[in-house]
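Student: I'd like to learn how to read backbone angles and symmetry in a model. Could you walk me through them?

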Protein chains: 4
Amino acid sequence: METIFIPILLGTAREGRQSEKAAKFVLQQAVSYGKFETELLDVRDFVSLAKTERMPENESSRWSKIMTRADGLIIVVPEYNHGYPGELKLMLDQLYKEYNRKPVGVCGVSMGPLGGARMVEALRTSLVELQMVPVRNAVYFSSIQDLFDENGTMKDDSYAKKLLVLFDEVLWYAKALQKARNKPLTSF
Amino acid sequence: METIFIPILLGTAREGRQSEKAAKFVLQQAVSYGKFETELLDVRDFVSLAKTERMPENESSRWSKIMTRADGLIIVVPEYNHGYPGELKLMLDQLYKEYNRKPVGVCGVSMGPLGGARMVEALRTSLVELQMVPVRNAVYFSSIQDLFDENGTMKDDSYAKKLLVLFDEVLWYAKALQKARNKPLTSF
Amino acid sequence: METIFIPILLGTAREGRQSEKAAKFVLQQAVSYGKFETELLDVRDFVSLAKTERMPENESSRWSKIMTRADGLIIVVPEYNHGYPGELKLMLDQLYKEYNRKPVGVCGVSMGPLGGARMVEALRTSLVELQMVPVRNAVYFSSIQDLFDENGTMKDDSYAKKLLVLFDEVLWYAKALQKARNKPLTSF
Amino acid sequence: METIFIPILLGTAREGRQSEKAAKFVLQQAVSYGKFETELLDVRDFVSLAKTERMPENESSRWSKIMTRADGLIIVVPEYNHGYPGELKLMLDQLYKEYNRKPVGVCGVSMGPLGGARMVEALRTSLVELQMVPVRNAVYFSSIQDLFDENGTMKDDSYAKKLLVLFDEVLWYAKALQKARNKPLTSF
């Protein structure tokens with residue numbers, strides 16, 4: 001059986017970002033889920049405004065290496081003014097082929113009750129252009145400032161269950177496409 | 001080898017619809033392509049305002065039967081005020097499970113130069129919710145009123161080539177997902 | 001002082017529509033607000049699939065007459081598969097000039113927790129194309145099936161307050177644009 | 001008569017950005033139009049990843065001062081993967097009240113035939129949240145690499161005409177809202 005690798009990307013670089021708690025919770029649940037390899041990536045480590053050019057495809061950047069190895073992606077990201085954070089877009093725009101034919105799940109985060117739902121829609125249109133497969137399921141972390149206690153422990157049991165559904169769907173596509181994605185049309 | 005079935009749906013019911021020419025052209029090219037079974041569906045035959053309720057899942061409607069059999073879908077549809085025609089949405093909203101884990105390609109149509117590009121984006125967000133896989137490729141029929149001669153023959157050779165790319169990508173996903181889509185996660 | 005007229009449009013025709021309760025509540029609150037004239041319009045009375053053509057601009061249809069007189073519009077509408085109901089789009093696509101330079105507020109409705117937020121975003125892109133001014137504020141009726149008691153009385157006090165903010169903003173633009181909207185650029 | 005000030009913002013920081021030619025052309029046409037004051041702003045001068053926090057509202061940043069004075073905004077920006085450049089979003093997310101009740105026009109730029117049309121739609125949903133008024137008109141600079149000769153002169157006469165329509169509409173709203181925007185609802 002092939003190993004499946006699905007990293008988790010924290011998509012905001014703002015100081016005081018509440019989404020970091022959500023991203024760590026998603027990582028912890030993914031490790032507990034145990035059916036795919038994962039690691040937490042921080043957009044802060046990958047984006048600088050000196051690098052706004054799309055990198056050459058052959059450049060062995062760390063992000064390129066990770067996504068080349070990855071079978072899918074989970075993005076944890078807040079909504080800013082109904083859109084995605086600029087730093088996430090800068091990071092996503094650096095690669096192209098590395099994303100193709102791989103599933104992607106999005107976890108939205110907001111201080112309000114809607115959990116970043118508008119941003120998830122806006123982001124998906126770009127993810128389709130990157131030839132990713134956005135799975136239908138999303139997890140919406142709403143009122144993020146109230147979700148964790150002072151020790152960083154999630155107070156609402158329902159999120160672990162919602163993440164299971166997301167993990168199952170991203171993993172399903174990761175497995176269904178893992179071998180297929182490098183096969184030409186004529187080989188089926 | 002399994003047969004692949006990918007119907008083509010004309011998504012406007014307006015009188016004098018220019019998109020009918022585009023849809024017939026897409027059908028003709030798909031038949032010539034020859035790698036999947038197809039047929040042309042007309043939204044006029046499937047939608048009435050008396051049927052705005054989502055049909056019961058077990059109801060053996062014609063649309064349900066077609067999509068149950070289908071391995072993917074191609075939609076040919078004009079842009080009205082940057083969105084999709086209401087009749088197309090009424091038709092799509094009638095089903096749910098029948099669409100799941102099947103690829104979908106969209107051909108936009110417009111009288112202007114943009115070929116329905118805004119509508120394609122808007123439609124994709126709903127197609128993801130229907131658990132379809134929107135392929136990255138789209139064909140944009142712009143200035144539709146000038147694209148065909150009086151015999152209905154396409155005057156611009158580039159569209160046949162663009163359709164080949166779309167067909168290849170929809171077919172690739174149709175094949176990659178055909179057997180997988182009914183497999184549970186544990187069976188991989 | 002000029003009278004301001006802002007009708008309220010119920011944008012779903014489905015049988016058993018939960019949104020009817022929300023629309024009636026919005027009407028009742030608007031009457032109680034008392035600062036603009038209003039009436040409740042039902043998409044069922046305006047759309048038939050026989051009329052999918054855009055009507056001639058001079059045709060004195062009832063919808064055209066209402067929007068010609070209107071200074072703004074409030075739409076109460078559920079989200080179906082992250083998009084708007086087809087019947088609402090059919091109705092909106094019938095007119096054009098009648099909408100220009102008038103504000104529009106959207107109240108989303110859903111059975112789930114997000115109150116139709118994705119649909120509101122999708123709808124706004126078409127409302128801009130209709131040359132309307134979508135106000136920032138929206139009211140999201142979430143878990144609509146639990147919001148009203150058996151007498152149809154709203155159980156959650158917060159919605160009346162949210163509607164006040166929406167009314168204020170739509171009314172502000174209605175007043176700011178009422179006289180201006182027929183003035184040519186040179187007359188300022 | 002009040003002066004109207006509508007700056008033009010170049011929304012990409014990429015090296016080799018083709019959009020710079022479009023932005024300079026828009027500036028030149030706006031100066032020639034002569035009905036509002038303007039200046040060209042470059043996103044490079046306003047965004048750094050060290051400043052991803054929304055600035056305090058009272059901070060007298062240069063961007064805040066400009067938008068406080070502005071009566072509207074024109075954004076010239078390319079489409080990257082169907083979305084907006086991250087650096088533009090970082091810049092827009094820095095302010096809030098300074099944008100309220102001011103019109104905004106978007107000029108899209110692309111190497112392909114669609115002139116950034118998908119990005120314009122995605123951007124507008126965030127501009128509405130910023131309480132701006134996105135005008136219906138947009139200018140789509142398509143095949144940007146072929147639009148200017150070696151001296152940077154626009155080769156296609158139609159763009160000057162399209163910009164006139166955009167300027168007229170942004171200016172109309174700038175004038176209609178200039179005095180109104182600080183008036184409370186009760187003052188009308």
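Student: Where in chain B is B:Q131 found?

Tutor: B:Q131 sits in the loop between α4 (117-129) and β5 (132-141) of chain B. Helices here are DSSP runs of H or I with at least four residues, strands are runs of E with at least two, and both are numbered from the N terminus. This is a predicted model, where local features need pLDDT of at least 70, side-chain atom pairs count only at pLDDT 80 or more, and totals for chains, interfaces and linings use all residues. Residues are numbered from 1 along each chain as its sequence is written, while chains are lettered from A and ligands numbered from 1 in the order in which they are written.

Student: What should I look for in phi?

Tutor: Most residues other than glycine have a negative phi. B:Q131 is not a glycine, yet its phi is positive, about 60 degrees. C:Q131 also has a positive phi of about 60 degrees without being a glycine, and its place is the loop between α4 (117-129) and β5 (133-141) of chain C.

Student: Is B:Q131 buried, exposed or partly exposed, and why?

Tutor: B:Q131 is partly exposed because 17 other C-beta atoms lie within 10 Å; 20 or more would make a residue buried and 12 or fewer exposed, with C-beta atoms placed from the backbone.

Student: How are chains D and A related?

Tutor: Two copies of a chain are related by a rotation about an axis and a shift along it. Here a turn of 180 degrees and a shift of 0.0 Å along the axis lay chain D on chain A with an RMSD of 0.0 Å, superposed by least squares on C-alpha atoms of residues with pLDDT of at least 70 in both. The two copies are therefore related as by a two-fold rotation axis.
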